[in-house]
Number of protein chains: 2
Amino acid sequence: MHNSDVPTPYLRIDTDRVHRNVARMATYAAKHGLGLRPHTKTHKSLWLARAQLNAGAVGLTVAKVGEGEVMVDAAEDVDLLIAYPALDPARTGRIAKLALRTTMRVAVDSLQAAQALAAAAGAAGTTIGLLIDLDVGMGRTGVPSPTDALELALAIDRVGGVRVDGLFCYPGHIWDQAEQQDKSLNRTAERLEEAISLFDRNGLDRGIVSGGSTPTAYQSHLVPQLTEIRPGTYVFNDMNTVRGGFCGLDECAAAIVCTVVSNAVPGQFVLDGGTKTLTSDRCLPDRESGHGHLIEYPDALIARLSEEHAQVDASRCTAVPMLGERVTIVPNHICTCVNLQDAVWWTQPGGQLKRMAVDARGRLS
Amino acid sequence: MHNSDVPTPYLRIDTDRVHRNVARMATYAAKHGLGLRPHTKTHKSLWLARAQLNAGAVGLTVAKVGEGEVMVDAAEDVDLLIAYPALDPARTGRIAKLALRTTMRVAVDSLQAAQALAAAAGAAGTTIGLLIDLDVGMGRTGVPSPTDALELALAIDRVGGVRVDGLFCYPGHIWDQAEQQDKSLNRTAERLEEAISLFDRNGLDRGIVSGGSTPTAYQSHLVPQLTEIRPGTYVFNDMNTVRGGFCGLDECAAAIVCTVVSNAVPGQFVLDGGTKTLTSDRCLPDRESGHGHLIEYPDALIARLSEEHAQVDASRCTAVPMLGERVTIVPNHICTCVNLQDAVWWTQPGGQLKRMAVDARGRLS
């Protein structure tokens, strides 16, 4: 299908840019001897997960079990990490079922989660690998200190049906604290080093030390304790990564194509994409930058969203689009935008677009 | 299925409360001789649209053509209004196709939209009704003044294939300016009166004067020019309507059931619903109130969301939930939350839950 035939708002993927982004991260990881375990929450696409595996990824990361149930089909014996403290009975049984098919690991920060997973693994006749989630400054999940990580690992080590495979951290606070990146990387390295030393002294396995997200991905070699990284956003990028200084606008591979549907209010035009397309997610490094970046009219400010409308302040524009014109928005946060689409449109040679399903859309549990 | 068997996070609908909300609005509209044309963007459910029609609704409102293509099946000859300036070729042909089956109207604020719809109607051999969108203070869409409304209506009146059926307004700014409600209602009444008088003097049809949204719905009789109202949120309500003073917490019929998945960080617990479940939408009448209201722990503050995590500040709580416990959140904005779900769960007699599809989910165009 051609661009002008696809009803707006739709999400367009620049296939060449995706391949460049996938290759660049794979090359970086290989150069530094790091395992690359891309987080599939960004794209939720089997096709793209396969492209990442073909480029050398050691396995895949998922947030929820439902995503794992989709991504297990990405390849024969795909190695899956659920980067989420899955502990309730509605999840643990499903994880054990997946563990019968392939290598499954889960990041945990409580003995209760380990026990629940062990019980499910035991009932299914399998084992599940666990990584101990250590907080490195975000304060979301993860035990507070390396000593707590050791204590939890030792307690889990006495539980059958699960095995401690190493450590896990997520420095997600970097997204909105880009200027403190160096400090945070040092802190992460110190805490991991301390935990590793405690694990070693107590004979615990720490074969995997899993970290990283897109903002710090290309600085991962500065945290030599890491054995693998889990970036997600890098395949597409968005205004968070651009304004955070982590990539250029020409590395953004995903954009929302919208139509101008109203210009009745002076100094403004209105697009057919609102919070049900762009989400209300603010740009973390610059909260006053509006609801995304309008490629063709870079001086326009996407000032306000309703569910299905974007009100664009055109007061600083030298030219404004016509009614019915199509324009392109790089969103603030691509992961949540992809999550709203049943399918996205990939550019093809010759200017055509190909529809591909967002396979794990709606897999919230 | 029972509550404890449905994987979290899931969206639970209190069926009794929905019926009460539907009946209350229907009774109000009937008492004041107002047509009720519920906006289906909130629920996107054929079942609920039928319940609204059975309770006396004169027709249905949709935001996008794709929603109309679903809702046209709600009843034989259902009367549909697209409350959206649909003007591009990807939409107008589909509207004309719907107009062959049922009564279709579209709100417009440009001659170009009217001409595009007329061309599509002409090609299909049908007609489309138009309502002139008049801005009453929100500054989103709508012509700026009653004189502009008259001019647009007169210009459209000369175009074949479409007919002017009346006026349209949307006082959406009331959501975050609750204290100025009276002033805004008066202003709406004045502007509509002026437009009606201009229409009458020029022999234009203004049989329909369509307005209203949930916040002001029960004050609609204070704008005597209105012939019909289009509330959407009232079927479920949310923290916007509660904190705006438009309903009580016991009139909220939709909530997100979540599981506590971590309590490793002191003073905090973490739930398995983030922006991919609750959205980033802030509570418009109280932007500092967090990301929804936790029913069982009303002193808890849902302070921060990631895509799949809610970090809950428990520092003001006398009791905190256990790991694995299920809790219930009334979200800030229910319309965008429903839009994330492929299906929602309706309470049934005896404590069971019934899964029902969100029929128009993802119909963004």
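## Exercises: cysteines, rings and a core

A search of the whole structure turns up zero disulfides over all chains, a disulfide being a pair of cysteine sulfur atoms within 2.5 Å. This is a predicted model, so local features need pLDDT of at least 70 and side-chain atom pairs count only at pLDDT 80 or more, while totals for chains, interfaces and linings use all residues. Side-chain values use heavy atoms, with hydrogens and water left out.

**Exercise 1.** Work out why Cys335(A) and Cys169(B) have no disulfide partner.

*Solution.*
- Step 1: start with Cys335(A). The closest cysteine sulfur belongs to Cys337(A) and sits 8.9 Å away, too far for a bond.
- Step 2: check burial (under 20% relative accessible area is buried, over 50% exposed, in between partly exposed; 1.4 Å probe, protein chains only). Cys335(A) is buried, at 0%.
- Step 3: move to Cys169(B). Its closest cysteine sulfur, in Cys335(B), is 18 Å off, again too far for a bond. Cys169(B) is buried too, with 1% relative accessibility.

**Exercise 2.** Find what Tyr218(A) packs against, then look at Tyr218(B).

*Solution.*
- Step 1: count the aromatic pairs. There are eight over all chains; Phe, Tyr and Trp rings (six-membered ring for Trp) pair if their centres lie within 6.5 Å, and planes under 30 degrees apart are stacked, over 60 edge-to-face, the rest tilted.
- Step 2: take Tyr28(A) and Tyr218(A). Their pair is edge-to-face, with 5.2 Å centre to centre and 75° between the planes.
- Step 3: place the partners. Tyr28(A) is in helix 1 (residues 15-31) of chain A and Tyr218(A) in the loop between strand 8 (208-211) and strand 9 (228-229), so the pair ties together parts 190 residues apart in sequence. Helices (H or I, at least four residues) and strands (E, at least two) are DSSP runs, numbered from the N terminus.
- Step 4: check burial. Tyr28(A) is buried at 9%, and Tyr218(A) is buried at 19%.
- Step 5: go to chain B. Tyr28(B) and Tyr218(B) form an edge-to-face pair at 5.2 Å and 75°.
- Step 6: add the charges. Arg24(A) lies over the face of Tyr218(A), 4.0 Å from the ring centre, and the charged end of Arg24(B) sits over the ring of Tyr218(B), 4.0 Å from its centre. The test is NZ of Lys or CZ of Arg within 6 Å of the ring centre and within 35 degrees of the ring normal.

**Exercise 3.** List what Phe236(A) touches.

*Solution.*
- Step 1: leave out residues up to four places away in sequence; contact means heavy atoms within 4.5 Å.
- Step 2: read off the neighbours, among them Ile13(A), His43(A), Glu251(A) and Val338(A).

Technical notes. Residues numbered from 1 in each chain as written. Chains lettered and ligands numbered in written order.
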